[in-house]
Amino acid sequence: MSLATIGSHEVHVDDEGFMTDYDEWSEELGKTLANNIGIDMSDQHWTAVRFLRDDFKVEGETPTLRRVSTVGGVSTKELFQLFPKKPAKKMAYIAGLPKPAGCV
Amino acid sequence: MTTTQTAPAIVPDFGDDSEVRKICFICSKGNLDMAYPALIMANGALNEGVEVDIFFTFWGMDMLNKGTWNDLQFSMLGNTAMHMPGSTKHLPQGLGGLPGMTGFATHMLKKQIGDLDVPEIPEFLEMLHEMGARLWACQLSVDMMGLTKDDLYEGVEDIINVGEFVELSEGAQTLFI
């Protein structure tokens, strides 16, 4: 874990560039992180990312795609369209959370 | 006085520019404990941006057949690794032959895996299909079991023969389960 800048903010990140401090994140940072990986945040993107943030706060772990779909209400198909190829990891990155640990 | 400049954070590599990787799974078993690993690995591959094809053959057809897909069984017979949750003591194989034991073992497996939020087979296939997996039924198995496409899950791409499967799996890593 080291200090790095994202936009004009100084935050803690891990070796891969994922933020490591829940409270350092803001929606403005989320938007910058999304832009870093070529994603322009729409309302649908925010629905998924906000669910990740809220769920993490309660459960203490990053929700899996299945949980985003069954509990968060954004279908798996839609998640693949919004965050192409690796939706679980991309959402976690944008939400300033660790990669999900669950397999399903 | 010196100031320390913090470096910009690195951006993770999500492989967007990498060549598409492809994995084919051949599901040949209809036991519940052989169905889950295949689907869980396929799900993991899709999560990693891998293209996935799943070819169901022989008893693996029971996963696609709407008459059987929700009734796959787990037997402790022939499974010498069988032990109760939380215990390392193996159960005697003879127990597996007692009436009702397969039903009990199936119930236990479904409960344990369900507690981890892993869906049952029909919902799992639907999920994989939504994620972009292509599901294929084996022509020979369909003929052997007297099935038609109407008997199978609607998300199945097609019923194909081995030659067609070999063609579509060109360049892919293939796992026989």
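# Two chains, questioned

Trainee: What radius of gyration does chain B have, set against a compact globule of 177 residues?
Mentor: This is a predicted model. A compact globule of 177 residues would come out near 16 Å. Chain B does not follow that figure, for its radius of gyration is 21 Å.

Trainee: What span does the C-alpha trace of chain B cover along its principal axes?
Mentor: Take the radius of gyration of chain B, 21 Å, alongside the box. The C-alpha trace of chain B spans about 80 × 45 × 25 Å.

Trainee: And chain A, with 104 residues: what is its radius of gyration?
Mentor: The C-alpha atoms of chain A fill a box of roughly 35 × 25 × 20 Å. For 104 residues, the compact-globule figure is near 13 Å. Chain A agrees with it, at 13 Å.

Trainee: What share of each chain is buried?
Mentor: Count chain A over its 104 residues, and 37% are buried. Count chain B over its 177 residues, and the buried share is 29%.

Trainee: Which pattern of elements does chain B follow from the N terminus on?
Mentor: Chain A has five helices and two strands, in the order β-β-α-α-α-α-α. Chain B has five helices and five strands. Its elements run β-α-β-α-α-β-α-β-α-β.

Trainee: What percentage of the contacts in chain B with a separation of 6 or more join residues 24 or more positions apart?
Mentor: Start with chain A. Among its contacts between residues at least 6 apart, 48% join residues at least 24 apart. In chain B, the share for residues 24 or more positions apart is 71%.

Trainee: How many residues of chain B are in contact with chain A, and which elements of chain A take part?
Mentor: The chain A side has 26 residues and the chain B side 22. On the chain A side, the residues divide into twelve nonpolar, five polar and nine charged. The elements giving two or more residues to that side are β1 (2-6), β2 (9-13), α3 (65-70), α4 (76-82) and α5 (87-94) of chain A.

Trainee: Inside chain A, how are α2(A) and α5(A) oriented to each other?
Mentor: The axes of α2 (residues 43-59) of chain A and α5(A) come within 9 Å. They cross at roughly 75 degrees. An angle of 65 to 115 degrees counts as roughly perpendicular. Therefore α2(A) and α5(A) are roughly perpendicular.

Trainee: Which residues make that contact of α2(A) with α5(A)?
Mentor: The contact residues divide into six nonpolar, no polar and no charged. From α2(A) come A:A48, A:V49 and A:L52. From α5(A) come A:M91, A:A92 and A:I94.

Trainee: Where do the buried residues of α1(A) lie around the helix?
Mentor: Helix α1 (residues 27-36) of chain A buries A:G30, A:L33 and A:A34. They pack against β1, α2 and α5 of chain A. Seen down the axis, they fall within an arc of 100 degrees, so they line one face of the helix.

Trainee: What phi does A:G38 take, just after α1(A)?
Mentor: Look just past the end of the helix. The phi of A:G38 is positive, about 75 degrees.

Trainee: Which elements do the buried residues of α3(B) pack against?
Mentor: In α3 (residues 121-131) of chain B, the buried residues are B:I121, B:F124, B:L125, B:M127, B:L128 and B:M131. They fall within an arc of 160 degrees, so they line one face of the helix. Their partners come from both chains: α3 and α4 of chain A, together with α1 (32-47) and β3 (134-138) of chain B.

Trainee: Which residue follows α3(B) with a positive phi?
Mentor: The phi in question is near 110 degrees. The residue is B:G132.

Trainee: Is B:L32 buried or exposed?
Mentor: B:L32 is found in helix α1 of chain B. It touches B:L72, B:Q73, B:F74, B:T106 and B:L109, leaving aside residues up to four places away in sequence. B:L32 has 22 C-beta neighbours inside 10 Å, so it counts as buried.

Trainee: And B:G114, buried or exposed?
Mentor: B:G114 sits in helix α2 (residues 101-115) of chain B. Its C-beta neighbours inside 10 Å number 11, so B:G114 counts as exposed.

Notes. Residues are numbered from 1 along each chain as its sequence is written. Chains are lettered from A and ligands numbered from 1 in the order in which they are written. This is a predicted model: local features need pLDDT of at least 70, side-chain atom pairs count only at pLDDT 80 or more; totals for chains, interfaces and linings use all residues. Two residues are in contact if their C-beta atoms, placed from the backbone, lie within 7 Å. Helices (H or I, at least four residues) and strands (E, at least two) are DSSP runs, numbered from the N terminus. Ala, Val, Leu, Ile, Met, Phe, Trp, Tyr, Cys and Pro count as nonpolar, Asp, Glu, Lys and Arg as charged, and the others, Gly among them, as polar. The radius of gyration is taken over C-alpha atoms; the globule rule is 2.2 Å times the number of residues to the power 0.38. A residue is buried if 20 or more other C-beta atoms lie within 10 Å of its own, exposed if 12 or fewer, and partly exposed in between; C-beta atoms are placed from the backbone. Axes are lines fitted to C-alpha atoms, for helices over the stretch in contact, and angles run from 0 to 180 degrees between N-to-C directions. Angles under 35 degrees count as roughly parallel, over 145 as roughly antiparallel, 65 to 115 as roughly perpendicular and the rest as oblique. The arc is that of the directions from the helix axis to the C-beta atoms.
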